[in-house]
Amino acid sequence: MDAVYLNPRYLENVVSCPVCERAESSVAYGVTGHVKVMRCACGVFYCDNRLTEEGLAIYWKDYLDNEHNADDAERALRRRMYLVDFDYIARFLRDTSKILDVGCADGLFLDLFAARGHVCGGVEFGHSAARAAAQKYPVWEGYFPDLDIPPDHDLIIFRGVLQYLQKPRLFFQKAVSLLRRGGLIFITAQPNMDSYCHRLYQNKFRFRLTPCDCVGFSPKSLSGEFALLRCSLVGEQFFYEETPYANPEEDIAAVHKALQCGRAGGAVMETSPPFWGNMMTLVFRKQ
Ligand SMILES: [Zn+2]
């Protein structure tokens with residue numbers, strides 16, 4: 001997959017912030033070659049190169065097999081993480097909620113909701129993933145902002161997807177338009193660009209931006225975006241110790257080593273470990 005998103009043939013320049021569209025960004029740090037990460041005045045980080053339509057089509061065509069399900073161990077950890085996320089959002093839900101998972105992959109996260117009697121549907125851009133999920137749930141395949149989906153949902157999920165969006169506001173507007181009043185947006189498994197590790201490790205942050213994972217948010221930047229759509233923040237969590245990825249003693253030691261390296265004027269060479277604050281979970285309610 002590296003070959004696709006670092007091949008200049010499939011890249012195009014990004015000249016303004018993909019969220020607020022202002023062109024007043026500063027360079028945060030380099031990624032590789034001429035590819036850089038920019039920081040916009042709105043608080044959003046973005047990559048100054050992104051995949052072209054052709055590159056996106058290649059990347060997403062078979063991502064379910066090539067990336068999402070490529071490693072059995074990783075897949076098992078992700079399933080445990082689904083339970084952490086589900087236990088958190090479940091307390092916000094009323095019985096028989098109508099739920100839409102945007103970027104539902106093969107529908108495994110939705111399975112947890114369906115097992116509790118909620119009514120589930122999915123949206124998926126990747127064809128093989130959409131086909132897998134469609135065996136269990138109604139699935140709308142394609143580009144979410146363009147899809148014709150019935151409204152009045154109680155919950156719309158973005159789990160680990162916002163970093164891929166080239167035009168995030170179209171997704172946010174579409175999601176809010178599909179919610180009933182009082183309905184919820186659930187954003188989780190989302191890298192937090194205000195995290196300590198992103199500040200310390202920058203290009204070596206384990207969820208660093210690339211031309212594929214091309215945009216990065218923080219609780220503040222997302223709260224600002226959803227406030228524009230009359231949605232308020234009603235839940236905020238930063239899962240770490242309760243996740244299957246945490247190993248506090250080793251992770252603290254790794255961060256300490258990177259900190260010392262930085263203080264001595266050296267460049268951090270290792271990828272950041274799982275750590276407090278790396279990932280954010282946010283819930284917004286439509287007024
Ligand atoms: Zn911006």
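## A chat about the zinc site, a helix and a few odd residues

Guide: Let's start with S272, which sits in the loop between helix 10 (248-263) and strand 13 (279-286). Keep in mind that this is a predicted model.

Visitor: OK. Is S272 buried or exposed?

Guide: S272 counts as buried, because its relative accessibility is 1% and the cut-off for buried is under 20%.

Visitor: And what does S272 touch?

Guide: Leaving aside residues up to four places away in sequence, S272 touches C197, Y201, K204, F205 and R206.

Visitor: Now Y196. Where is that one found?

Guide: Y196 is in helix 8, which covers residues 196-201. With a relative accessible area of 33%, Y196 is partly exposed.

Visitor: Which residues does Y196 touch?

Guide: Not counting residues up to four places away in sequence, Y196 is in contact with V255, L259 and F275. There's also G277: it is 81 residues from Y196 along the chain, yet their C-alpha atoms are separated by 6.9 Å.

Visitor: Switching topic: what are the protein donors of the zinc ion?

Guide: Four cysteine SG atoms do the job, from C17, C20, C40 and C42, and they lie 2.2 to 2.3 Å from the zinc ion.

Visitor: What geometry does the site of the zinc ion have?

Guide: The site is tetrahedral, with angles of 98 to 118° among the four donor atoms.

Visitor: How are the donor residues spaced in sequence?

Guide: The pattern is C-x2-C-x19-C-x1-C. One pair, C20 and C40, links distant parts of the chain, 20 residues apart. C20 is in the loop between strand 1 (11-13) and strand 2 (26-32), while C40 is in the loop between strand 3 (35-39) and strand 4 (45-47).

Visitor: Are C20 and C40 buried or exposed?

Guide: C20 is buried, with a relative accessible area of 17%. C40 is buried too, and its value is 1%.

Visitor: What about pockets? How much space lies in the second largest pocket?

Guide: About 200 Å³. The second largest pocket has 14 lining residues, and the ones nearest its centre are C17, P18, E21, Q166 and K167. C17 is also one of the zinc donors.

Visitor: Which element gives the largest share of that lining?

Guide: Helix 7 (residues 168-177), with three residues. By type, the lining divides into seven nonpolar, three polar and four charged residues.

Visitor: Let's do helix 5. Which of its residues are buried?

Guide: In helix 5 (residues 108-115), the buried ones are L108, F109, L110 and F113.

Visitor: What covers the buried residues of helix 5?

Guide: The cover includes helix 4 (72-90), strand 6 (98-102), strand 7 (119-124), strand 9 (153-159) and strand 10 (179-191). Just after helix 5 comes G117, which takes a positive phi of about 90°.

Visitor: Which residues have a positive phi although they are not glycine?

Guide: T96 and A189 are examples: T96 has a positive phi of about 50°, and A189 has one of about 55°. For background, most residues other than glycine have a negative phi.

Visitor: Where are T96 and A189?

Guide: T96 is in the loop between helix 4 and strand 6, whereas A189 lies in strand 10.

Visitor: Last one: is T96 buried or exposed?

Guide: T96 counts as exposed, because its relative accessibility is 52% and exposed means over 50%.

Terms used. Residues are numbered from 1 along each chain as its sequence is written. This is a predicted model: local features need pLDDT of at least 70, side-chain atom pairs count only at pLDDT 80 or more; totals for chains, interfaces and linings use all residues. Side-chain values use heavy atoms; hydrogens and water are left out. Donors are N, O and S atoms within 2.8 Å of the metal (3.2 Å for Na, K and Ca); water is not among the atoms, so sites may look incomplete. Four donors count as tetrahedral if all angles lie between 85 and 135 degrees; four count as square planar and six as octahedral if opposite donors are over 155 degrees apart and all others between 65 and 115; anything else is irregular. Helices (H or I, at least four residues) and strands (E, at least two) are DSSP runs, numbered from the N terminus. Buried means under 20% relative accessible area, exposed over 50%, partly exposed in between (1.4 Å probe, protein chains only). Contact means heavy atoms within 4.5 Å. On a 1 Å grid over the protein atoms alone, a cavity is a set of points where a 1.4 Å probe fits but cannot get out, and a pocket is an open set with protein on both sides within 12 Å along at least five of seven lines; lining residues have an atom within 4 Å of a point. Grid points are joined across faces, edges and corners, and a volume is the space filled by probe spheres set on the points. Ala, Val, Leu, Ile, Met, Phe, Trp, Tyr, Cys and Pro count as nonpolar, Asp, Glu, Lys and Arg as charged, and the others, Gly among them, as polar.
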